[in-house]
Every structure is written in C-alpha cells, then in structure tokens.
2 protein chains.
Amino acid sequence: MSLIVQKFGGSSVRDTEHLFNVARIITETYDAGNDVVVVVSAQGDTTDDLIAKAYEITNRPEGREMDALLATGEQISASLLAMAIKKLGYRAISLTGWQAGFLTDSNHNKARIRRVNKERIENELDKKNIVIVTGFQGLNRYDDITTLGRGGSDTSAVALAAVLKANRCQIFTDVTGIYTADPRLVKTAVKLDEITYDEMLELASLGAQVLHNRSVEMAKKYNVKLEVLSSLERVPGTVVKEVCKMEKMLIKGVAKDDNVARISLVGLPDKPGTAFRVFSLMASHKINVDIILQSVGREGTKDITFTVAQKDRAEAVEALEEIAPSLGITKIAADDDITKVSIVGAGMESNPGVAARMFEALGEANINIHMISTSEIKISVLIDKELGEKAVIAIHNAFEV
Amino acid sequence: MSLIVQKFGGSSVRDTEHLFNVARIITETYDAGNDVVVVVSAQGDTTDDLIAKAYEITNRPEGREMDALLATGEQISASLLAMAIKKLGYRAISLTGWQAGFLTDSNHNKARIRRVNKERIENELDKKNIVIVTGFQGLNRYDDITTLGRGGSDTSAVALAAVLKANRCQIFTDVTGIYTADPRLVKTAVKLDEITYDEMLELASLGAQVLHNRSVEMAKKYNVKLEVLSSLERVPGTVVKEVCKMEKMLIKGVAKDDNVARISLVGLPDKPGTAFRVFSLMASHKINVDIILQSVGREGTKDITFTVAQKDRAEAVEALEEIAPSLGITKIAADDDITKVSIVGAGMESNPGVAARMFEALGEANINIHMISTSEIKISVLIDKELGEKAVIAIHNAFEV
C-alpha cells in the first residue's frame, strides 16, 4: 500500500472538462491500490480575477484581507474536484488549508509553512476517502488565513508528501517533464527521465519555470521523490531525486533567463571595504545580486558590474545614487539588453573540460561573453540579449544532450 | 457607547461602487460613536454562479462540498468590504463564519446555529476594528463548513446581535422598509414606522419577502430590535420589536401569496380518524398544510379541502393517491388557480369588526371567498387567482391603512 500526493495546477482544473480529466487521473491512481492526497490550485484565471477585484477597490490592499480573498480560489476548485470524483463513483472530501492542518508564520502573501498537523488527513484516508486539499494556503497562530505566495501549491504538495511520508509527489503541469532546453527553442531538446534536486534548483532559478525553487528545496530537505508530468498526455515525466542512477550525461540542461538587469559602477577607489558597502546596501534592500565582475579602472580606481532581477533594477540604482558621492562613484550605468545562458549538470564536477566546450561553442557562433559565473554544477554566461536563442542552440548542439 | 449590527444583502455589495456606498454607511455609523459589526452576503449573482458550476459537474452535489463551495461567496465580499472601509481610512477586519465563532449543527445546506463564540469579535472590537462577518455560514463539530440556507445572512445578523447584546440590528435591503401592501400594486400603500415581531412573522410567511421568518423568530426569542431599511435611500426604515407604541392602526398590512395550491378530497367516510390519517400523511412527507376546510358531502361522506405550497403539490397528490383506496376517497382534485390574501395587525384582537369589514370590502368588489383562516392577529382568505390584485386594493382602501 503506498501513498501518492498529486498536485494539479490552475490550467489543469480550469473548467468542468478539465476537472473530470483530473478526476480520472486521480481515480486511476486510487484504483491501482494507492492512498491519494490531491493538492489543487485555483481554476484558470481565478486568482488574477480576484486580485483585479481588490485593486479596483484600493491600490494597496492589506495582506491579511488579500489572503482571505485569494484563498477562496482554491476552496472553489477543491470542492468542485471532490464533486467530480464523487460523480465518478468514488469517495472524496475537500479540505481547506486550515482543515488540512497547514500552520504558517504570519507573513501574509508569502507565508512559510511551520507545521502540518496530519490528523484530519489521516482520518479521512482511513475512511478510504480521496483527500483534496487546497494548495497555496494555511493558517497563522491568530487563526487568520495566510497564503504562501509564488509556487505556493507546489510547496503545499511537497510539505504534505514529507509529513505523510508519501512514496511519491507528482506535480502535474501542461508540459510532459523537464527538458534539456526549451523545446520551443531547441528542436533537439529531449525530456529527462531523472534529475537531481541540485540540478533542478539551478535550472529552476535559471528560468526553466516548471517547479518553484521553494518546493524543490523542501523536497531535497525532506527527501521527497518528486515527479513532474503532464495532466493531458499520459506519458512518464521527469523524476527529481537525490542521486540519479545514470550520470553519463555531462549536462542536464541549457537554460536562458531574460529577466536580468546589469548595473555598472565606475570609478570606485581601489581600497578595501567599497565592494562590501555596495553589496550590504543591496542586501539591506533585499535585492538579490547574481553575477559579479570586478575590474581595474583608471588611476587607482576599480569598476564593479553586477546583475540583479529586472524588477529590482530601479530600486537598486536609486539606492546606489544616494551613496555614490560618499563612495566616490563617478558613474552608474544600468541596462536590460542582456541575457543569462546557463548549463547545469551534476556530471560536470568531475569533467574539467565542460566549461571549455561551452565557451568554444559560443566562440564558434561568434557570441561575445560579458560575464561568467560558475558553481559546482552550473556555468552561467552573460551575453547580448539578441544572441540568447542562438547561444542556447549552439551550446545544446555542442553537448548533444 | 452602543453596538450596532448591520447586515447588507448581495445586491447592496454587488460591485465596487456599491461596496463603497455600503462602506460609507458603516463608517458614518462608526463615526457616530458606535461599535459596528457588519454581516455581509455574497456579491450579486455569485451564489447562483457557484451553484451553476456545481450542477455542471453533477446533478446531485453533496451537501458538505456544496457548503464549502458556497461559503467562498461571502468570504470574497467580506474581504473586499474590509478593503473598501480601510481605503476610507478606518480600521476593519473580515472574519469568516468559523473565525467569527458560528457553531452549527451538521445539517448541510440548512444548518441551524447552535452557539456563537463571541471572543474573537469582541477582541477585534476592543482593537477599535469595524468587524465584517461573512453571513450565511458556520462550522459544525467536525470542523466542516456549513451554510444556513434561505435567509441565512439575516439569521447570522440577528444571532450576532443577540449574542453581542447589540442595541439594534439593521437589515439593509433595496426597499425602504415594510409597507402596508406591495407599493407596486397599491399606490396608497404607506411605510410602517413600527411593527411587532408577530405581525412581521405573519407578513413574512404571507409572501411579503423582506425578512426571512427564521431571523424574525430568533429576533423575537432574544428580543433583538430589528430595523429594515434601504442601503440606497438614507431614510428611516421600519423597526420590528415586541410592542409598538402606537396601536391605533387596526391592521398593519395586506399581503398576497400566489404560491398556493389547493387539494380537494371527495367522498371520505364521515367517521373519526380520517382527517387525522390525511394530515399525518402530509406531516410524514414534511408538507406544510395551511388552510383547511371540511364540509359535509353526499350520503354520509365528507369532503376535505386544504392548501399547500405549490412546490409540494405533486408529492402531496402522489402520497394521497396511494392511501385513497383504503380511506374510501373517490376523487382527488388539485389546482393552482387561487391566491391567498391576508390582513395582519395586532390591533384586530380587540376589534371584533375587522373581519366583517374585510369581507364587506371583498363583497362590494364582487370577489367570492373560497376558504377562510384566522389567527389572533391575521385573517386570510382564499380567492380566485385573477382577482388577487383587485382584492388587495379593495381591502387596503377599506382600512385606509
């Protein structure tokens, strides 16, 4: 007897037809002899519609009220899905976040799960119910509804899988799994059977946009075996786990992230502590700095260039302009005309030639590299935005992934 | 310092403009030095839309899931209304039925309130918050969401007013109060300043459709002073209470109820127990019998004619046909071509001429009376349906209410 957690996103449950499609996936899993706990997102555009309603009233809706409002989206889809499963002749029950025992901190709109009280869910499983849980939401210690923010339903599913010691956590989306590159871009991209948590984390943060980082981090921490698969095509997906059996593949994927802004500071005095002041300033604004390049400037000065997410660009520049005089910065430049292309693979750790092969491929394609960043399982380069697609294809071909 | 409970129906909060209108009524009450607790229904057609979604999936949605689904409607309007009040610069907080402490039995779709734990609401009032509570819903002892059925939000408001010992419970609708007759029918109908609980109960059950009977019964039981008024026109409404100061008016209103079906049983043996068997059969089917007329038939038989709500007509006839042979009933007839016209007024108890004046008015208007039913404060007559409006006008004129 095994227990499987299945998570379905908003587009998978967007109308009655899709609800019944999902209901059939669930009941087939149940018929195969599994206990099934389902986590469901709000239908289609429901969340966006609710947000629009709030902004019609105020341009600064309070976090607590916003959470009470948004949580209704999943409550609607969960109860409708329970009805669809019952209509197929099975036992099912929907539970809200608080009924399912999700306790979070009080950070409205981006709450963190503190604990999951599994009693109610286990009682319902004992009654042979298929349990439908609203994703994305919980309750804080004041009995107020909270939501988990971006990627929240994935995180709900992984948390449940961890607490219930599920045999597998299946994340259903509208793609059939994780690919070596964006299949719309690279015709030869192939679906991966397996990928490690670390590789998935690097790919997710690099814009692969299938699983949210929070859910992968949690899956890694609690050793939850994740599977990404399609709710429309019934084919095996990609399994995310600690160690992959087959590490023959040097790299697992090529990813492109256009959501990058570059900021350059010119004319800093070349003395200790200046870089520290710049980056502690960014940290105090909660701005994440990615690739950093420090270079020697003219006459005893140095230049610092770094990248941030595009949404943080304006705030970063504004903050830097304030301290520019005291730091001796003579010029601040910022632009978005760049993209980040990365290769990810646990296999590259033991293969020193990987970086060289990547740079060779870019050189042969006449693509200039502005900045480089590496980790044990990742190499990222910053290049001109208009060359991004060309770079992904060239690299993918070079590794024949 | 007084505490006022205000209830707003779905049409009063149907969009952003109406939400702000309601928010202004609330904040003006707050500014006048009152604690304010608000009970709100789902916006406009939200509940109907949710019901339609459920019936798209199944023609027999389970009560528990239906309640989880429908409860979202009030959660949406409550959080939006809290946002609107905050936008006006006031402190406000929305609470769901379970957050507000509404505990009910487990009769899904038509639950009864068992208890209201007022701690949370009182804490929020202590913090100077305007408290917005979702109407129509509560929690049973299994921690499942329940809804109260028809007129549920009015009942929620009255229950809160009782528990919180509110000075007044204001029910805002789209009419300005209770009228002596339907103003669309009778041009000379006037708005009542006051009406007793009993009068209101008779009027509500007679089709006046402003307040639901359950809420009036509860208001009477806990002596909650109710006021019915308009959310659009800022004029005093009608106060419903135990005793009215001014009992000069002989009758308080003339009401017409078209939702009546007449069933006639012919040829019953004239012996004890036959009427009992007929009406215990109706009771076992939970069919409410209203006016009853028993008359002598031919050759030692009797006829029984009675009225039921139109929705119960088919079930009543079917049940009666089954026992007809054993009771000796020779014919069962049923029709809807009738209407019930009633006058209500606590003043008629001490004025024996009221019934005579009513019958005289009907006689002068050439309207034949089929059946009569009276209580201490009500007289109802059954007449042909097409004469209903004429009867209401004639009676209203006769009493010059």
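This short talk walks through how two chains sit together in one model, and then looks at a helix pair and a few single residues.

Before I start, please keep in mind that this is a predicted model, in which local features need pLDDT of at least 70 and side-chain atom pairs count only at pLDDT 80 or more, while totals for chains, interfaces and linings use all residues. Residues are numbered from 1 along each chain as its sequence is written, and chains are lettered from A and ligands numbered from 1 in the order in which they are written.

Let me begin with the two copies. Two copies of a chain are related by a rotation about an axis and a shift along it. Here, a turn of 179 degrees with a shift of 0.1 Å along the axis lays chain B on chain A with an RMSD of 0.2 Å, where the superposition is by least squares on the C-alpha atoms of residues with pLDDT of at least 70 in both copies. The two copies are thus related as by a two-fold rotation axis. Within chain B, the residue that comes closest to that rotation axis is Thr72(B), whose C-alpha is at 2.6 Å. Both copies use the same surface, since 100% of the contact residues of chain B recur in chain A; by contact I mean that the C-beta atoms of two residues, placed from the backbone, lie within 7 Å.

How many residues does each chain bring to this contact? Chain B gives 25 residues and chain A gives 25 residues. On the side of chain B that touches chain A, the elements giving two or more residues are helix 1 (16–31), helix 2 (46–57) and helix 3 (63–87) of chain B, with helices (H or I, at least four residues) and strands (E, at least two) taken as DSSP runs numbered from the N terminus. Helix 3 of chain B supplies the largest share of that side, 13 residues. By class, that side of chain B has 11 nonpolar, seven polar and seven charged residues, where Ala, Val, Leu, Ile, Met, Phe, Trp, Tyr, Cys and Pro count as nonpolar, Asp, Glu, Lys and Arg as charged, and the others, Gly among them, as polar.

Now to one helix pair across this contact. Helix 2 (residues 46–57) of chain A packs with helix 3 of chain B at an angle of about 25 degrees, and their axes are 9 Å apart; such axes are lines fitted to C-alpha atoms, for helices over the stretch in contact, and angles run from 0 to 180 degrees between N-to-C directions. That makes helix 2 of chain A roughly parallel to helix 3 of chain B, given that angles under 35 degrees count as roughly parallel, over 145 as roughly antiparallel, 65 to 115 as roughly perpendicular and the rest as oblique. Lys53(A), Ala54(A) and Ile57(A) of helix 2 of chain A make this contact with Leu80(B), Met83(B), Ala84(B) and Lys87(B) of helix 3 of chain B. The residues of this contact divide into five nonpolar, no polar and two charged.

The next pair lies within chain A. The axes of helix 5 (residues 152–163) and helix 7 (residues 213–222) of chain A come within 8 Å and cross at roughly 10 degrees, and the two helices are therefore roughly parallel to each other. On the helix 5 side of chain A we find Asp154(A), Thr155(A), Val158(A), Ala159(A) and Ala162(A), which meet Arg214(A), Ser215(A), Met218(A), Ala219(A) and Tyr222(A) in helix 7 of chain A. That contact has six nonpolar, two polar and two charged residues.

Finally, some single residues. Most residues other than glycine have a negative phi, and most peptide bonds are trans. Lys128(A), however, has a positive phi of about 70 degrees although it is not a glycine, and Lys128(A) lies in the loop between helix 4 (119–126) and strand 6 (130–134) of chain A. Is Lys128(A) buried or exposed? Lys128(A) is exposed, because 10 other C-beta atoms lie within 10 Å, and a residue is buried if 20 or more other C-beta atoms lie within 10 Å of its own, exposed if 12 or fewer, and partly exposed in between, with C-beta atoms placed from the backbone. In chain B, Asp143(B) also is a residue other than glycine with a positive phi, near 70 degrees, and its place is in the loop between strand 7 (137–139) and strand 8 (145–147) of chain B. Asp143(B) is exposed, with 12 other C-beta atoms within 10 Å.
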